[in-house]
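Labels are easy to hand out and harder to justify. Take a look at the model below, and then let's ask how each label is earned.

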Amino acid sequence: MEAMTIQKYIHSTPRKLRLVVDMVRSLSTDKALEALKFTKKDAAKDLSSAIKTALANAKAKGMEEAYFKSVEINEGPKMKRFRPGTRGRAKPYKKRLAHIKIVLSDRKVQI
């Protein structure tokens with residue numbers, strides 16, 4: 001049995017989220033949440049809320065134990081913004097957004 005959650009439009013870049021996900025991907029869900037509490041990255045808060053949502057979905061489906069089957073960080077849309085530059089000009093930059101997809105399984109899977 002599987003439970004899935006997708007968190008969209010997270011205001012953190014995919015690169016920063018992937019750094020945190022790589023740290024907790026091989027852990028169990030309980031140990032991952034515990035490790036994310038003590039992580040100093042801001043992306044850890046977004047990831048822990050996504051894991052808690054996935055665990056709630058798994059509990060609603062009747063799963064007693066849940067393990068990570070897959071954790072994906074995908075790119076979302078990029079918002080185009082401008083900063084003031086010299087001599088009244090505008091300097092463009094992109095605010096990157098991310099999507100988090102977490103699939104939990106009741107069997108332990110090697111990822």
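Q: Why is Tyr 9 called partly exposed?
A: Tyr 9 has a relative accessible area of 48%. The cut-offs are under 20% for buried and over 50% for exposed, with partly exposed in between (1.4 Å probe, protein chains only). A value of 48% falls between them, so Tyr 9 gets the middle label. By the way, this is a predicted model, where local features need pLDDT of at least 70 and side-chain atom pairs need 80 or more, while totals for chains, interfaces and linings use all residues. Residues are numbered from 1 along each chain as its sequence is written, and side-chain values use heavy atoms, leaving out hydrogens and water.

Q: Where is Tyr 9 found, and what is notable about its phi?
A: Tyr 9 is part of strand 1, residues 2-10. (Strands are DSSP runs of E with at least two residues, helices are runs of H or I with at least four, and both are numbered from the N terminus.) Phi of Tyr 9 is near 60°, which is positive even though this residue isn't glycine. Most residues other than glycine have a negative phi.

Q: Which loop holds Arg 87, and what makes Arg 87 exposed?
A: Arg 87 sits in the loop between strand 2 and strand 3. Its relative accessibility is 77%, so Arg 87 is over the exposed cut-off. Phi of Arg 87 is also positive, near 60°, in a residue other than glycine.

Q: How do you know that His 99 is buried?
A: The relative accessible area of His 99 is 16%, so this residue is under the cut-off for buried. His 99 belongs to strand 3.

Q: What makes the link between His 99 and Tyr 9 a polar contact?
A: The His 99 side chain reaches the backbone nitrogen of Tyr 9 at 3.1 Å. A polar contact is a pair of N or O atoms within 3.5 Å (within protein, one able to donate a hydrogen and the other to accept it; neighbours in sequence count only if both atoms are side-chain atoms), so 3.1 Å fits.

Q: Is Thr 29 buried or exposed, and what does its side chain reach?
A: Thr 29, which is in helix 2, has a relative accessible area of 4%, so Thr 29 is buried. Its side chain reaches the backbone oxygen of Ala 66 at 3.3 Å.

Q: What makes Thr 29 and Ala 66 lining residues of the largest pocket?
A: Both are on the lining list, with others including Ser 28, Leu 55, Lys 59 and Tyr 67. To be listed, a residue needs an atom within 4 Å of a pocket point; on a 1 Å grid over the protein atoms alone, a pocket is an open set with protein on both sides within 12 Å along at least five of seven lines, while a cavity is where a 1.4 Å probe fits but cannot get out. Helix 3 gives the most to this pocket's lining, with 3 residues.

Q: Which residues line the largest cavity, and which strand gives the most?
A: Pro 14, Glu 75, Gly 76, Lys 78, Arg 96 and Leu 97 line the largest cavity. Strand 2 gives the most, with 3 residues.

Q: How do you know that Arg 83 sits over the ring of Tyr 93?
A: Arg 83 lies over the face of Tyr 93, at 4.2 Å from the ring centre. The rule wants NZ of Lys or CZ of Arg within 6 Å of the centre and within 35 degrees of the ring normal. At 4.2 Å, Arg 83 is inside the distance limit.

Q: What makes Lys 80 exposed, and how far is its C-alpha from that of Tyr 93?
A: Lys 80, in strand 2, has a relative accessible area of 63%, so Lys 80 counts as exposed. Lys 80 and Tyr 93 are 13 residues apart along the chain, and their C-alpha atoms are separated by 6.1 Å.

Q: Why is Lys 16 called exposed?
A: Lys 16 has a relative accessible area of 52%, so the exposed label applies. This lysine is in helix 1, residues 14-24. Its C-alpha is 9.7 Å from that of Ala 98, though the two are 82 residues apart in sequence.

Q: Why is Val 109 called partly exposed?
A: Its relative accessible area is 34%, so Val 109 gets the in-between label. Val 109 is in the segment after strand 3, and its C-alpha is separated by 36 Å from that of Met 79, 30 residues away along the chain.
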